[in-house]
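Notebook, one session. I wanted to look up strand pairing, ring contacts and charged contacts, and to write down what I found.

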Amino acid sequence: MKSYPPKNKISIIIIAFFALLLMIPEDASAQRFGHFAPPRPMPMPRPMPMPHPMPGPRPIPPRPLPPPPHPYPHPYPRPLPPPFHPYPVPYPYIYHPFVPFYWGPTWYPIGFFAATLTTAAIVITVENNQYNYDDGVYYVKQSDGYKVVPAPLGATIAELPKGYVTINVSGADYYYYGGTYYAKASSKYKVVNAPVGAIVSHLPEGAEEKTIDGQKYMIYNNVYYQPISQDGQDSYVVVQGK
């Protein structure tokens, strides 16, 4: 076995020591001798792409609900009023609040319901439709009674109801009672349209107030009335009939 002198052993140990230092990582050697290498920058993570939303079904708009029925339907069918073209009258427009008028204990407004009629009621036929007439009021028969309706055009009566007034329009006489106009027909009286230019002092219950071109008119049974003052009394003049 070969032996080495002591000096050569020391040289071999020193060379082995430095070789070992070269093999140790830089961070470990720096930490060992009290030196720290600068930290390495950490790589920034890439932002994850936002997922695209999947196209879903197109929302269906809700269907509009039908309007609820009117809680108080009109007691009788009636046509729509014609376009308003006021008749030129020689009376100034004078607004006054509407006050419904009653023609006595036997008169009832349109829509009134009666369980029975008096023995004086008679049956009138107009265009194959039957009505019950009693002292200026017209009824239609229902299952459980009678309902008041507008006077049917063409209906004839033998006597005018008590409390009627005579109105002269362009030389012709008309008879007015409870919102209904009559004209003489032979020996009887026939229900006719409201004559334009007729002036009445009272309108029955059921007349509606409507503003047209800044002026208020009263509408009853599709007839337009203009408020006026005649001889210091609040009155209404027919400016458009049916």
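In what sense do β14 and strand β15 pair, and over how many bridges? I am working from a predicted model. I looked up the two strands, and they pair in the antiparallel sense over seven bridges, β15 being residues 233–240. For the register I noted that Q226 has V237 in β15 as its bridge partner. The hairpin of β14 and β15 has two residues between the strands, and D231 there takes a positive phi near 55 degrees.

I then went to the other neighbour of β14. β13 and β14 run antiparallel and are joined by three bridges. Here I219 stands opposite Y224 in β14. This hairpin too has two residues between the strands, and N221 takes a positive phi near 55 degrees. I also checked burial along strand β14, residues 223–230: six of its eight residues are buried, so the strand is largely enclosed by the rest of the structure.

Next entry: aromatic rings. My search of the whole structure gave eleven aromatic pairs. One of them is Y93 with Y217, a tilted pair at 6.3 Å centre to centre with 55 degrees between the planes. I traced where the two residues sit: Y93 is in the loop between α2 (26–32) and β1 (113–114), while Y217 is in strand β13 (residues 215–220), 124 residues apart. Y93 is partly exposed at 26% relative accessibility, whereas Y217 is buried at 5%.

I looked at W103 and Y176 after that. Their ring centres are 6.2 Å apart and the planes stand at 70 degrees; the cut-off for edge-to-face is over 60, so I logged the pair as edge-to-face. W103 lies in the loop between α2 and β1 and Y176 in strand β8 (residues 172–177), so the pair ties together parts 73 residues apart in sequence. Both W103 and Y176 are buried. I followed the ring pairs outward and found that they link F101, Y102, W103, W107, Y176, Y177 and Y181 into a cluster.

Last entry: charges. I found K141 over the face of Y146, at 5.3 Å from the ring centre. How many salt bridges are there? I counted one. E209 forms a salt bridge with K216, with the closest N and O atoms 3.8 Å apart. I looked up accessibility for both ends: E209 is partly exposed at 39% relative accessible area, and K216 is partly exposed at 29%.

Definitions and conventions: Residues are numbered from 1 along each chain as its sequence is written. This is a predicted model: local features need pLDDT of at least 70, side-chain atom pairs count only at pLDDT 80 or more; totals for chains, interfaces and linings use all residues. Side-chain values use heavy atoms; hydrogens and water are left out. Rings of Phe, Tyr and Trp (its six-membered ring) pair if their centres lie within 6.5 Å; planes under 30 degrees apart count as stacked, over 60 as edge-to-face and the rest as tilted. Helices (H or I, at least four residues) and strands (E, at least two) are DSSP runs, numbered from the N terminus. Buried means under 20% relative accessible area, exposed over 50%, partly exposed in between (1.4 Å probe, protein chains only). A charge sits over a ring if NZ of Lys or CZ of Arg is within 6 Å of the ring centre and within 35 degrees of the ring normal. A salt bridge is a side-chain nitrogen of Lys or Arg within 4 Å of a carboxyl oxygen of Asp or Glu. Two strands pair if DSSP finds at least two bridges between them.
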